[in-house]
Amino acid sequence: MRKSFDDLTIADDFMFCKVMQDEAICKQFLEMVLADKIGKIAYLSSQNAIAAGLEAKSICLDILVKDENGKTYDIEMQVANEHNIPKRMRYYQAALDISFLDKGLHYKALNDSYIIFVCLFDAIGKGKPLYTFENVCLEDRQTFLQDGAKKVIINAQAFSKAEDIELKGFLEYLETGTANTEYTGRIETMIEAVKHNEQARREYRFMSGFEMDAREEGRSEGFSDGAYQTKLETAKAFKRLGFDIAKIAEGTGLSVEEIKAL
């Protein structure tokens, strides 16, 4: 069962996306996790639908960020351990690269990218608060491939082992819900503001109902006139709320053209 809107926390996907849409909060998060400064945020969006091909598995990114230097950052909140994080990161990286490299462009046009999974569990099992991966030569362990791709897995359970005070506070906030730093205090204030936002409440209600309908129908192809009309109304509502058209199409089974015409 979906949580009540008033019970949502930073650890819930919907609220995490709402919080990370704030540029200042998102930028501080990235600099805190990467232990480095990033350029000014040039693009920030949530729930981006990406399809690697007509028959390929599509994905929906929680938070997609591009900075002024062209670097891209995909941030994902993961509550349940489905034991597939490494393979998911591999697929997400591939899908992003295919999406961003237009036909005719040189491979050098691929910008540096970071796939970041915020987990409430230890996906790797070594008890570290952060796991950062990039391709390195196995023969000497010192020569890096320099393909511009890095992957970061966060383990909120190991918050006490984080050396950086702000990072430790954020991971503890994820794990326990206790806000004891200036940064987590700002997040808590924003969450309260979201909970008093009627549009956000309606959006969550629409999403909850939409997901229940999708599960009941088993994402079957073809539907009756009545079901079709319901999907049109759902698509209209999401479009008014500013949802990405590709995401609406993915969820409703309607075509992009049908949604654009609404």
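How many helices and how many strands are there in the chain?

1. Overall composition. This is a predicted model. The chain contains nine helices and six strands. Of its 262 residues, 41% are buried. Among the contacts in the chain with a separation of 6 or more, 60% are made by residues 24 or more positions apart. The exposed surface of the chain amounts to about 14800 Å², and 50% of it is supplied by carbon and sulfur atoms.

2. Nonpolar cores. The largest nonpolar core comprises 53 residues. Within this core, the residues with the most contacts are Cys-26, Phe-29, Leu-30, Leu-174 and Ile-187. Another core, of 15 residues, lies apart from it, and its members include Leu-64, Ile-85, Leu-96 and Phe-121. With neighbours within four places in sequence left aside, Leu-174 is in contact with Ile-10, Ala-11, Met-77, Val-118, Leu-120 and Ala-156.

3. Helix α1. Is helix α1, at residues 13–20, mostly covered or mostly uncovered? This helix is mostly covered, with seven of its eight residues buried. The buried residues are Phe-14, Met-15, Phe-16, Cys-17, Lys-18, Val-19 and Met-20; the list thus includes a lysine, Lys-18. Phe-14 also belongs to a cluster in which ring pairs link Phe-5, Phe-14 and Tyr-204.

4. The aromatic pair of Phe-29 and Phe-170. The structure holds seven aromatic pairs. One of them is formed by Phe-29 and Phe-170, and its geometry is edge-to-face, with 5.5 Å centre to centre and 65° between the planes. Phe-29 lies in helix α2 (residues 23–34) and Phe-170 in helix α4 (residues 165–176), so that the pair links distant parts of the chain, 141 residues apart. Both Phe-29 and Phe-170 are buried. Phe-29 is also among the residues with the most contacts inside the largest nonpolar core.

5. The aromatic pair of Tyr-73 and Tyr-114. Tyr-73 and Tyr-114 form a stacked pair, with 5.1 Å centre to centre and 10° between the planes. Why does this pair tie together parts that are 41 residues apart in sequence? The reason is that Tyr-73 lies in strand β3 (residues 72–78), whereas Tyr-114 lies in strand β4 (residues 113–119). Tyr-73 and Tyr-114 are both buried.

6. Strands β2 and β3. Strand β2 (residues 58–67) is largely enclosed by the rest of the structure, because eight of its 10 residues are buried. Strands β2 and β3 run antiparallel and are joined by four bridges. Val-65 stands opposite Tyr-73 in β3, and Tyr-73 is the residue that forms a stacked pair with Tyr-114. The two strands form a hairpin with four residues between them. Gly-70, in the turn of this hairpin, has a positive phi of about 90°.

7. Lys-66 and two rings. Over which ring does the charged end of Lys-66 sit at 4.3 Å from the centre? That ring belongs to Phe-100. Lys-66 also lies over the face of Tyr-43, at 5.9 Å from the ring centre.

8. Leu-167. Leu-167 is located in helix α4, the helix that also contains Phe-170. Leu-167 counts as buried because its relative accessibility is 6%, and the cut-off for buried is under 20%. Apart from neighbours within four places in sequence, Leu-167 is in contact with Met-32, Val-33, Leu-130 and Ala-162. Between Leu-167 and Thr-181, the C-alpha to C-alpha separation is 9.7 Å in space, and the two residues are 14 apart in sequence.

9. Positive phi outside glycine. Two residues deserve a check of their backbone angles. Ala-35 has a positive phi, near 55°, in a residue other than glycine. Ala-35 lies in the loop between α2 and β1 (41–51). Ala-35 is exposed, with a relative accessible area of 69%. Arg-141, likewise not a glycine, has a positive phi of about 60°. Arg-141 is found in the loop between β5 (130–133) and β6 (149–155). Is Arg-141 buried or exposed? At 60% relative accessibility, Arg-141 counts as exposed, because the term applies over 50%.

Terms used. Residues numbered from 1 in each chain as written. Predicted model: local features only at pLDDT ≥ 70, side-chain atom pairs only at ≥ 80, totals over all residues. Heavy atoms only, no water. Buried < 20%, exposed > 50% of the residue type's maximum accessible area, 1.4 Å probe, protein only. Core = buried A, V, L, I, M, F, W, Y, C linked by side-chain atoms within 4.5 Å. Contact = heavy atoms within 4.5 Å. Areas by Shrake-Rupley, 256 points an atom, 1.4 Å probe, with all protein chains shown as cover. Phe/Tyr/Trp six-rings, centres within 6.5 Å; stacked < 30°, edge-to-face > 60°. Lys NZ or Arg CZ within 6 Å of the ring centre and 35° of its normal. Pairing = 2+ DSSP bridges.
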